[in-house]
Amino acid sequence: MRALVLLAAAALPLAAQTPPKVGDKAPDFTIGTVTADNATPAPVTLSSLKGKTVVIAFFPKARTSGCTVQLQTYRDQYATMFNGGKDVVLLAISTDTPADLHAWAKDAKFPFALGSDADGKVGTLFGAYMPANRIDNRILAVVGPDGTIKHEARPFRAMGQDDYVALEAAVDRVSSGKP
């Protein structure tokens, strides 16, 4: 019986057991993204964004109160928090369908891409996916131009200003090449 338990534990993906942390290379992934202007999911691969600062922001569910506060804050502070998208890419990721994400992005006029992690694979890589609920937990990772995680928030607190201030400082620091 003990051998079966050990074998089962060994079969689990390493990312699910140990999510990456600051200083680790971010796991590569491909995810379909939509924008306010484009409902057709366009695949984005993290490795294709090398050389840019990438903010990976997992959130549980489109149009819910905390997620609305979070993404509207990103929208309203996009120019300062994310340098208006110049060499900074925000990927807001949930398990919602591309159609639901597109409709929300269009209604809310989000200036960034939303990724559909319907199967939870990307969330699993980062330790965000909660299989029992079939949603991604609210966590955030800032990936530097070199592909390593430079900042994380576990959890990201959408209702308080401190995490937004820390995120903006981290994006400024990482995108300017400071340690």
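Good morning. I begin with a contact between neighbours in the sequence: Arg 75 and Asp 76 are joined through their side chains by a salt bridge, with 2.7 Å from N to O. I should say at once that the model before you is a predicted one. Within this pair, Arg 75 is partly exposed, because its relative accessibility is 24%. Asp 76, in turn, has a relative accessible area of 55% and is therefore exposed.

Two further salt bridges deserve a place beside that one. The side chains of Glu 152 and Arg 154 make a salt bridge at 3.1 Å, again N to O. Glu 152 has a relative accessible area of 27%, so it is classed as partly exposed. Arg 154 is likewise partly exposed, at 34% relative accessibility. The other salt bridge links Arg 157 to Asp 163, and there the closest N and O atoms lie 3.0 Å apart. Why is Asp 163 called buried? Its relative accessible area is 10%, and buried means under 20%. In total, the model contains nine salt bridges, including those I have just described.

I turn now to the hairpin of strand 8 and strand 9. Strand 8 covers residues 140-143 and strand 9 covers residues 149-153; the two pair in the antiparallel sense, with four bridges between them. Val 143 is placed opposite Ile 149 of strand 9. Five residues separate the strands of this hairpin, and Gly 147 adopts a positive phi near 90°. Glu 152, from the salt bridge with Arg 154, falls within the residue range of strand 9.

My last topic is helix 5, residues 98-108. Which of its residues are buried? They are Leu 101, His 102, Trp 104, Ala 105 and Ala 108. These residues lie on the same side of helix 5, because the arc they cover around the axis is only 165°. Against which elements does this buried side pack? The buried residues of helix 5 pack against strand 1 (30-34), helix 3 (65-76), strand 4 (88-94) and strand 5 (113-116). The range given for helix 3 takes in residues 75 and 76, the pair with which I opened, Arg 75 and Asp 76.

On the face of helix 5 turned away from the buried side, the exposed residues are Ala 99, Lys 106 and Asp 107. Following helix 5 comes Lys 109, which has a positive phi, near 55°. That concludes my remarks; I welcome discussion.

How values were computed:
Residues numbered from 1 in each chain as written. Predicted model: local features only at pLDDT ≥ 70, side-chain atom pairs only at ≥ 80, totals over all residues. Heavy atoms only, no water. Buried < 20%, exposed > 50% of the residue type's maximum accessible area, 1.4 Å probe, protein only. Arc of directions from axis to C-beta. Contact = heavy atoms within 4.5 Å. Pairing = 2+ DSSP bridges. Salt bridge = Lys/Arg side-chain N within 4 Å of Asp/Glu carboxyl O.
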